[in-house]
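User: I have a model open and would like to go through it. Can you take my questions as they come?

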Amino acid sequence: MNTSHIADDVASVHADDQASVRDRFREVLAHFGSGVVIITSAGPDGSPVGMTVGSFTSISMEPPLVGFFAGITSTTLPSVVANGSFCANVLSEDQHVLARTFARSGADKFAGVEWTLSGNGSPRLAGAHAWIECTIDEHRPIGDHELVVGRVDALSVPAASEPLIFHRSLFHGLRAHR
């Protein structure tokens, strides 16, 4: 498709209009589908902690590194960083309620949740599409978020399932098209 003749979208916002960019930023980025991951770790007293993240990515194959972003106001992130390790639980398409539970602050997120202890001492959630155990390799603030980079220590796809996808503020399953 040749798009050189298509005029700018009348609703587009340009970087020189920062107020408008802030207003449209979340709306526009909601059109990018992402997998849903719950980061788990052990808190200072050894109790499980966890949070849902939508910004999770592979960073490097050699060495194997993954990363996630969490808001600087996260109450869970300090425990994850202090522990020095985490488990990235990639959620299955039927775990949307779990994703919402772990996205909230203040509640006992693990109440009624089935999990086992991973090799690094972080909770590995039952029914997850995949899990990746990591040791924190780097941690630093970027904008209003913090980047956490993890060195992969162990990983698995425990059972056949489909991943949970977040798109336009809703959870979806993934359907392959051939």
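Analyst: Here are the basics, and then the details as you ask for them.
Analyst: This is a predicted model, in which local features need pLDDT of at least 70, side-chain atom pairs count only at pLDDT 80 or more, and totals for chains, interfaces and linings use all residues. Residues are numbered from 1 along each chain as its sequence is written, and side-chain values use heavy atoms, with hydrogens and water left out.

User: What does the protein average in pLDDT?
Analyst: The average is 84, and 77% of the residues score at least 70. pLDDT is the predictor's confidence in each residue, from 0 to 100.

User: Where does pLDDT stay under 50?
Analyst: Over residues 1-7, and the model has zero contacts for them beyond four places in sequence. A contact means heavy atoms within 4.5 Å. Where pLDDT is low, the predicted coordinates should not be read in detail.

User: How many helices and strands are there?
Analyst: Three helices and twelve strands. Both are DSSP runs numbered from the N terminus: helices are H or I with at least four residues, strands are E with at least two.

User: And how much of the protein is buried?
Analyst: Of the 178 residues, 34% are buried. Buried means under 20% relative accessible area, exposed over 50%, and partly exposed in between, with a 1.4 Å probe and protein chains only.

User: Which residues have the most contacts inside the largest nonpolar core?
Analyst: Ile 39, Met 51, Phe 68, Leu 77, Val 80 and Phe 86, in a core of 19 residues. Such a core is a set of buried Ala, Val, Leu, Ile, Met, Phe, Trp, Tyr and Cys residues joined through side-chain atoms within 4.5 Å.

User: Which strand gives the most to this core?
Analyst: S9, with four residues.

User: Is there a second core, or what else should I look at?
Analyst: A second, separate core has ten residues, including Ile 38, Leu 91, Ala 99 and Leu 125.

User: Back to Ile 39. Buried or exposed?
Analyst: Ile 39 is buried, at a relative accessible area of 0%. The residue lies in strand S2. Not counting residues up to four places away in sequence, Ile 39 touches several others, among them Val 49, Met 51, Phe 68, Val 80 and Phe 86.

User: What does Leu 77 contact?
Analyst: Leaving aside neighbours within four places in sequence, Leu 77 is in contact with Met 51, Phe 68, Ala 70, His 139, Glu 146 and Val 148.

User: New topic. How many aromatic pairs does a search of the whole structure find?
Analyst: Three. Phe 68 and Phe 86 form an edge-to-face pair, 5.2 Å centre to centre with 85° between the planes. That pair links distant parts of the chain, with Phe 68 in strand S5 and Phe 86 in strand S6, 18 residues apart. Rings of Phe, Tyr and Trp (its six-membered ring) pair if their centres lie within 6.5 Å; planes under 30 degrees apart count as stacked, over 60 as edge-to-face and the rest as tilted.

User: Why is the pair of Phe 102 and Phe 110 edge-to-face?
Analyst: Because the planes are at 85°, with the ring centres 5.0 Å apart. Phe 102 and Phe 110 are both buried, and they form one aromatic cluster with Trp 115.

User: Last one: where is the cis peptide bond?
Analyst: From Glu 62 to Pro 63, with omega near 0°. Pro 63 is in the loop between strand S4 and strand S5. Most peptide bonds are trans.
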